[in-house]
Amino acid sequence: MLRRAAAALAVPTSTRRPTLASLPLRRIASSATNRPPTLAHPATQPSRTATTTAAVTPLSPWRTHTPAPDASPSTPLVYTFYHDPTATWTYLVVDPDTRHCAVIDSVLDCDPASRTVSTTTADALVAFIHQQHLTVDHILETHAHADHLTAAAYLQLRLSTPADDIDAPSTSPSRVVPIGAHSGMRSTQAHFAQLYDVPAAELDTAFDALYDEGDQVRVGALTGVVWHLPGHTQCSAGYVFGDSVFTGDSVLLPPTGTARADFPLGSPSALFSSTQRLLALAPNVRLFSGHSYPLAGASNLCSATVAQQRALNPHVHDGVDEQGFVKMRSERDQGLSEPRLLHQSLQVNIRAGRLPRGANGQPYFRTPLHAPTVL
Ligand SMILES: [Fe+2]
């Protein structure tokens, strides 16, 4: 089935060979000083071009979820942060005893109209992490997002330097926070590397850890388990910490229901199976979603329990079968337009948050065109 977004994103054929319109980006705004990159990917580090160091107001969590006294072991304290321009949830998954944590699905600010990428939100998240005296053990992605740019590489740069020395040059950080995702990321990278003409060398070491199903992620004394949840994307993962699961876009919240499954390597059938796996968990397990799209006037929502999802999710409530879901999802996806930050997101996210750069060192996004081959 040729679906609309898949067609827009498909690796070009001889009849739809893209021309590249490369537009230079404005420099990355940052509250950090200009200093040389110090981590493991020196050729592809984010720019450090701001001129002054200013106090950054920490992000305020939208909610703080404290584990219940009878919660399963490894259930974390969770701080939730909403990025309004992209409707994205970022999570801090915290071991309350050790104050170690993981960052899940961070965000860079991107304004395509002014061709500006900035770290305002990421800097405020770092300020919150420092304010709370948290130690970040992992920077995790639930998948290669098509609607926002991850701040993973920038956070790695900021958080791998001692907190009391974040604005001083450092050539030997004592600790590098690994960026992790599911190993399906390899397939996603390979597909979009062809579309966006990305050298393999830029992608081979973009992620520090690519997990398989069942792998464990240690956060302080907590143990998270990686679940492969394909469907929305091939590389979609969930991170299961006790009674809390960070699902990414593998199930969304009421009233939205589920995410599109028409991206390359996506599959509505696989998405249904992934949702059923999540909804087979205990009724009290809390599913933290990657996005929230509340109706006008309605309150925002970052999570729902399995019981709530089984009763209220409009797409995968109890009684919906695979055939009905696939028909519904496929029909809906045909009517969806391209995400606003599609090309920017994918080019950055397959690089774990590093910007694409030209031979002159300038950051650019590439926009594949639909055009006659004669041109
Ligand atoms: Fe997504």
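Two strands count as paired here if DSSP finds at least two bridges between them. With that in hand, this predicted model can be walked through sheet by sheet, then helix by helix.

Take the six-stranded sheet to begin with. Its strands sit in the order 12-13-14-15-16-17, and the sheet is open with mixed pairing. Strand 12 (216-219) and strand 17 (303-305) are the edge strands; each has a single partner strand, so one side of each is left without a neighbour in the sheet. On average, and with direction ignored, neighbouring strands are turned by 25 degrees against each other.

The pairings along one stretch of this sheet show where the mix comes from. Strand 14 (residues 237-241) and strand 15 (residues 244-248) run antiparallel and are joined by three bridges; Phe 241 has Ser 244 of strand 15 as its bridge partner. Moving on from strand 15 to strand 16, the sense is parallel, with four bridges, and here Phe 246 is matched with Phe 288 in strand 16. Then comes the step from strand 16 to strand 17, which is antiparallel over three bridges. In that pairing, Leu 287 finds its bridge partner in Ala 304 of strand 17.

The parallel pair also belongs to a bigger motif. Strand 15, helix 6 (residues 268-279) and strand 16 together make up a β-α-β unit, and the unit is right-handed. Strand 16 (residues 286-289) is covered on both faces: Arg 286 and Phe 288 are buried on one side, Leu 287 and Ser 289 on the other. Two of these residues have already turned up as bridge partners, Phe 288 opposite Phe 246 and Leu 287 opposite Ala 304.

The seven-stranded sheet follows the order 3-4-5-6-9-10-11, again open and with mixed pairing. Its edges are strand 3 (63-65) and strand 11 (209-211), each with a single partner strand, so one side of each lacks a neighbour in the sheet. Neighbouring strands in this sheet are turned by 25 degrees against each other on average, direction ignored. At the strand 3 edge, three bridges tie strand 3 to strand 4 (residues 77-83), and the two run antiparallel. Thr 64 is bridged to Tyr 79 of strand 4.

Helix 3 ties this sheet to the helical part of the picture. It lies across strand 6 (100-104), strand 9 (135-140) and strand 10 (179-182), and runs at about 160 degrees to strand 9. Helix 3 (residues 152-159) also packs with helix 2 (residues 120-131), at an angle of about 40 degrees and with the axes 10 Å apart. That angle makes helix 2 oblique to helix 3, and the crossing is right-handed. From helix 2, Ala 122, Val 126 and Ile 129 meet Tyr 154, Leu 155, Arg 158 and Leu 159 in helix 3. As background, an α-helix has 3.6 residues a turn, so residues three or four places apart point the same way.

That leaves helix 9 (residues 342-349), which is mostly covered, with seven of its eight residues buried. The buried set consists of His 343, Gln 344, Ser 345, Leu 346, Gln 347, Val 348 and Asn 349. What do the buried residues of helix 9 pack against? Their neighbours are strand 7 (109-111), helix 4 (185-196) and strand 18 (364-368).

Terms used: Residues are numbered from 1 along each chain as its sequence is written. This is a predicted model: local features need pLDDT of at least 70, side-chain atom pairs count only at pLDDT 80 or more; totals for chains, interfaces and linings use all residues. Axes are lines fitted to C-alpha atoms, for helices over the stretch in contact, and angles run from 0 to 180 degrees between N-to-C directions. A residue is buried if 20 or more other C-beta atoms lie within 10 Å of its own, exposed if 12 or fewer, and partly exposed in between; C-beta atoms are placed from the backbone. A crossover is right-handed if, with the strands pointing away from the viewer, the path from the first strand over the helix to the second runs clockwise. Angles under 35 degrees count as roughly parallel, over 145 as roughly antiparallel, 65 to 115 as roughly perpendicular and the rest as oblique. A crossing is left-handed if the near helix is turned anticlockwise from the far one by less than a right angle, and right-handed if clockwise. Two residues are in contact if their C-beta atoms, placed from the backbone, lie within 7 Å.
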